[in-house]
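Q: Please take me through one part of this model in close detail. Keep the sentences short and explain each term as you go.

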Amino acid sequence: MKKQDITFGIHAVEAVLKHSPERVIELWILQGRDDQRLTPILEAAAEYGVSVQQASRKVLDDKSGSGQHQGVIARVKAVKQLNDNDLATLVEKTETPFLLILDGVTDPHNLGACLRNADAAGVHGVIVPRDNSVGLTPTVSKVACGAAEVVPLFQVTNLARTMKSLQEKGVWIVGAAGEADSDLYKTDLKGSLAIAMGAEDKGLRRLTRESCDSIASIPMSGSVSSLNVSVASGICLFEAVRQRLS
């Protein structure tokens with residue numbers, strides 16, 4: 001079985017049953033487990049006629065590739081990959097697009113956390129390059145705690161070209177970089193907006209940075225030189241939310 005054909009973890013499985021029940025083929029539940037946290041999942045499975053099997057912890061560990069499944073795994077139909085055309089459709093149909101661009105984020109835990117931030121902030125979509133970036137994996141879905149089922153993830157062929165296309169549609173792109181002179185809290189983040197974040201170790205790639213309309217930094221007072229990309233994205237997104245609500 002391919003790993004992309006499973007989803008594991010209570011929140012992730014519950015989310016796919018809630019938002020895309022037609023994708024769920026069958027469930028595996030830890031043998032002997034019977035508690036209230038699984039009740040909504042089992043009720044949804046019964047409602048949609050999804051087969052439920054009990055399995056040992058070793059079997060679940062083997063199927064998930066880790067011990068982080070929380071006693072529940074779903075075998076699912078692979079999700080449709082969204083591309084540049086899907087992104088263009090979203091932007092055209094959305095009055096004031098609010099997007100997150102992640103450049104070179106390869107850690108599934110970071111992408112999962114960024115998707116969770118994006119969902120909480122009301123982001124319409126997350127954009128990643130098809131190459132040199134992690135896609136939707138079971139670990140991403142697990143860490144995202146259900147956000148992977150509701151926040152569209154667009155995997156684009158050429159990130160710089162996609163950014164130019166967004167700008168032509170009226171989307172202002174603000175990149176985050178620690179060495180930028182402009183302060184995030186003094187940057188206008190209202191209106192049609194995309195916030196571009198780079199990987200923690202490398203930051204934004206040169207071409208991505210040059211494709212931004214402006215660059216801003218998060219003011220840092222301590223001794224650390226950078227923040228984890230999921231933490232930094234949360235700060236940037238919610239500063240945008242604060243401005244947009246004021």
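A: Start with the second largest pocket: by class, its lining has 11 nonpolar, 6 polar and 4 charged residues. (Nonpolar means Ala, Val, Leu, Ile, Met, Phe, Trp, Tyr, Cys and Pro; charged means Asp, Glu, Lys and Arg; the others, Gly among them, are polar.) The model is predicted: local features need pLDDT of at least 70, side-chain atom pairs need 80 or more, and totals for chains, interfaces and linings use all residues. Numbering runs from 1 along each chain as its sequence is written, and side-chain values use heavy atoms, without hydrogens and water.

The lining of this pocket holds 21 residues. Nearest the centre are Ala176, Ala177, Gly178, Ser226 and Leu227. (A pocket is an open set of points on a 1 Å grid over the protein atoms alone, where a 1.4 Å probe fits, with protein on both sides within 12 Å along at least five of seven lines; lining residues have an atom within 4 Å of a point.) The space in the second largest pocket is about 400 Å³.

Which elements each supply at least two residues of this lining? Strand 9 and helix 9 do. (Both are DSSP runs: helices are H or I, at least four residues; strands are E, at least two.)

Helix 9 covers residues 229-245. Helix 9 lies across strand 5, strand 8 and strand 9, which spans 193-198. Helix 9 runs at about 160° to strand 9. (Angles go from 0 to 180 degrees between N-to-C directions of axes fitted to C-alpha atoms.)

Strand 9 belongs to an open sheet of 6 strands. The order is 7-6-5-9-8-10, with parallel pairing. (Paired strands share at least two DSSP bridges.) Strand 7 (153-156) and strand 10 (214-216) are the edges, each pairing on one side only.

How values were computed: Contact means heavy atoms within 4.5 Å. Grid points are joined across faces, edges and corners, and a volume is the space filled by probe spheres set on the points.
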